[in-house]
Every structure is written in structure tokens, then in C-alpha cells.
Amino acid sequence: MNNKIIPVMHCFDDNYALPASVSFYSMLDNADKNYNYKLYVLHTDITQENQKKLQETIAPFLNATLEFINMENKFDNLWKNLNIKGHYSKEMFYKFLPASIFPQYEKIIITDVDVVWLGDISKTYIDFDVNEDFYFAGCKGALKKNSWVYQCVKSNYEKNFSEEEQSQILVSAGYYIFNLSKMRRDNMGENFIDCATKNAYRIMQPEQDVINLCCYPKIKLMPLNSVVCTYVYDLYKTDEDFENDLIHTAQDIKDAMQHPI
């Protein structure tokens, strides 16, 4: 039954097949067994051998399936025009498309695969109400004042984004819950692509910047422990560290570090 299904979309290239296996296994191992998980991978170059290995990875979980969707090099031109490529690949742009690719769902989880799951993904998904006026839910990460993360974000974004735009980039791209019903009604897929095309010369964290800017302010915040970057454990060690976060309370950060999802 559809109310027992939790769809999870991933998009990555063949280089990420190994971390994907860790992500898939740890996700399913920690997920509530009362639900069925439909995992989707949007890709262009994942080999048949790696697809087979990833199918074998999830085989122990009888409540999960895995489907690969070949996007046939969509967004090649957008990728070529992108000014900053960094460690990204064009597959990240497939996050613009789930509303049209998955008409059977009202909402969907979208997650990266450089992730180890230590908690259950089902609760945040079930709790997300598509009738609320939000395009998606995401997590606003910890940001310690004057840390290298703060300096990196500040120096890079100040060059190309106004203060207003910077304030609109609320959440990280690692873990989303998309309200597909609302995105379809408002043609957000087209808006994402148009925004990315017009701003390819300046976007820093490409799909993250675009999705935030297009959806602001209709973004719901997930609990901080939904996404805990590994560098947090290096940056927050003393009472002063915890008190110097610009966004979250010291207790929220401590709780997130102790109970990350």
C-alpha cells in the first residue's frame, strides 16, 4: 500500500558506487521495519557490475527494492557552463526533476550517498505534511563563528551573492524531503533549471544554491541531528565552541552530535 512506502531518490556517478553501498546498507539497517523502502538511483554511467553489487547490498532487506534510472546525460550543457565544478558531478542536477519523474508520489526523500546512517529516516518523512505550505524540508547545519567553515562560506558567497540572497540559502543539500505535489503545481522543476542556467557563472554549491533560492521562504527545517557533518566533531569540543555557534543552541548541537541520523 502506498502509505507504507517510503521512496528515496539518489543521484550519483560510478565513482560513488562504493560509498553508496555503505549508505544503502546503513540506511536500511537503521530504518523502521514497518515500512517498505523504494530506493531509486538517477545516473548516467553506473556500470552493470556496480549495479549488480548494489542490488546485492540491499538483498538482505526484504522490505527494500532498488531501481536504476538512466538519465542519458541530461544536463550536459548546464554542467559545461558551470563556473565552479569542485567535487561535484552533473548528476546533482537530477535533484531538479523528481516532481516529474515520480508522479506516483506526493513526497520523496532525496539524499546524497557520502553518508553513514545511524538512525531511522522514516519519522521525518512521515511527519512531513504535503498540505503545509512548504516546498521541502531540509537541515540547517551548525555554523561556528570564525571557524574555517564560516570563513569559507563567508568569503565565497560575499563575492557573488547579495546579503539577502545569502540569507535565503538556508539548508544543506545532503538530505531533503521534497513536497512533490506542491512542486508540480508550481512548476518548480522548470524554475530550478531556469535559475541554474541563468546563474551558472556564480553558483557555489550548485543544486543547493538553486533549490534554496527558488524555494525560499517555503522551506521547513528538520531537526539538527538529521544531518551532522563530520567536521562538527572537530570544531565543537569546549564550552566556548558550543556557545559560539551562530544558529543553534549549545544543547541542540550536543544532542545532535550524540544522536545523529
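## A tour from Phe178 outwards

Select Phe178. Beyond its neighbours within four places in sequence, Phe178 is in contact with Lys95, Pro98, Glu106, Lys107, Ile108, Ile110, Phe128, Tyr135, Phe136, Met183 and Ile211. Keep in mind that this is a predicted model.

**The cores.** Now widen the view. Phe178 belongs to the largest nonpolar core, which has 45 residues. Colour Leu42, Phe96, Phe102, Phe136, Phe178, Met183 and Cys215: these touch the most other members. Several elements each supply at least two residues of this core, including strand E1 (5-11), strand E2 (36-43), strand E4 (107-111) and strand E6 (175-179). Helices do so too, among them H3 (76-81), H8 (180-185), H9 (188-198) and H10 (206-215). Apart from this core lies another, of 31 residues. To find it, pick Phe24, Tyr125, Phe128 and Met222, which are among its members.

**The sheet.** Switch to cartoon. An open sheet of 7 strands runs in the order E3-E2-E1-E4-E6-E5-E7, with mixed pairing. Which strands stand at the edges? They are E3 (64-70) and E7 (219-221). Each has a single partner strand, so one side of each is left without a neighbour in the sheet. On average, neighbouring strands are turned by 25° against each other, direction ignored.

Zoom in on E1 and E4. They pair in the parallel sense over 2 bridges. Met9 stands opposite Ile110 in E4.

**Helices on the sheet.** Select helix H2, residues 48-58. H2 packs on the sheet and touches E2 and E3, its direction making about 160° with that of E3. Next, take H10. This helix also packs on the sheet, touching strand E5 (136-138), E6 and E7. The direction of H10 makes about 40° with that of E6.

**The H1/H2 pair.** Go back to H2 and add helix H1, residues 17-30. The two pack at an angle of about 20°, with axes 9 Å apart. That makes H1 roughly parallel to H2. The crossing is right-handed. Show side chains at the contact: H1 brings Ala17, Ala20, Ser21, Phe24, Tyr25 and Leu28, while H2 brings Asn50, Leu54, Thr57 and Ile58.

**Backbone stops.** Move to the loop between H10 and E7, where Pro217 sits. A cis peptide bond joins Tyr216 and Pro217, with omega about 5°.

Finish in the loop between E3 and H3, at Glu72 and Asn73. Phi is positive at Glu72, near 55°, and at Asn73, near 60°. Are these residues exposed or buried? Glu72 is exposed, with a relative accessible area of 68%. Asn73 is partly exposed, at 38%.

Key:
Residues numbered from 1 in each chain as written. Predicted model: local features only at pLDDT ≥ 70, side-chain atom pairs only at ≥ 80, totals over all residues. Heavy atoms only, no water. Core = buried A, V, L, I, M, F, W, Y, C linked by side-chain atoms within 4.5 Å. Buried < 20%, exposed > 50% of the residue type's maximum accessible area, 1.4 Å probe, protein only. Helix = DSSP H or I, 4+ residues; strand = E, 2+ residues; numbered from the N terminus. Contact = heavy atoms within 4.5 Å. Pairing = 2+ DSSP bridges. Axes fitted to C-alpha atoms, helices over the stretch in contact; angles between N-to-C directions. Parallel < 35°, antiparallel > 145°, perpendicular 65-115°, else oblique. Left-handed = near helix turned anticlockwise from the far one by under 90°.
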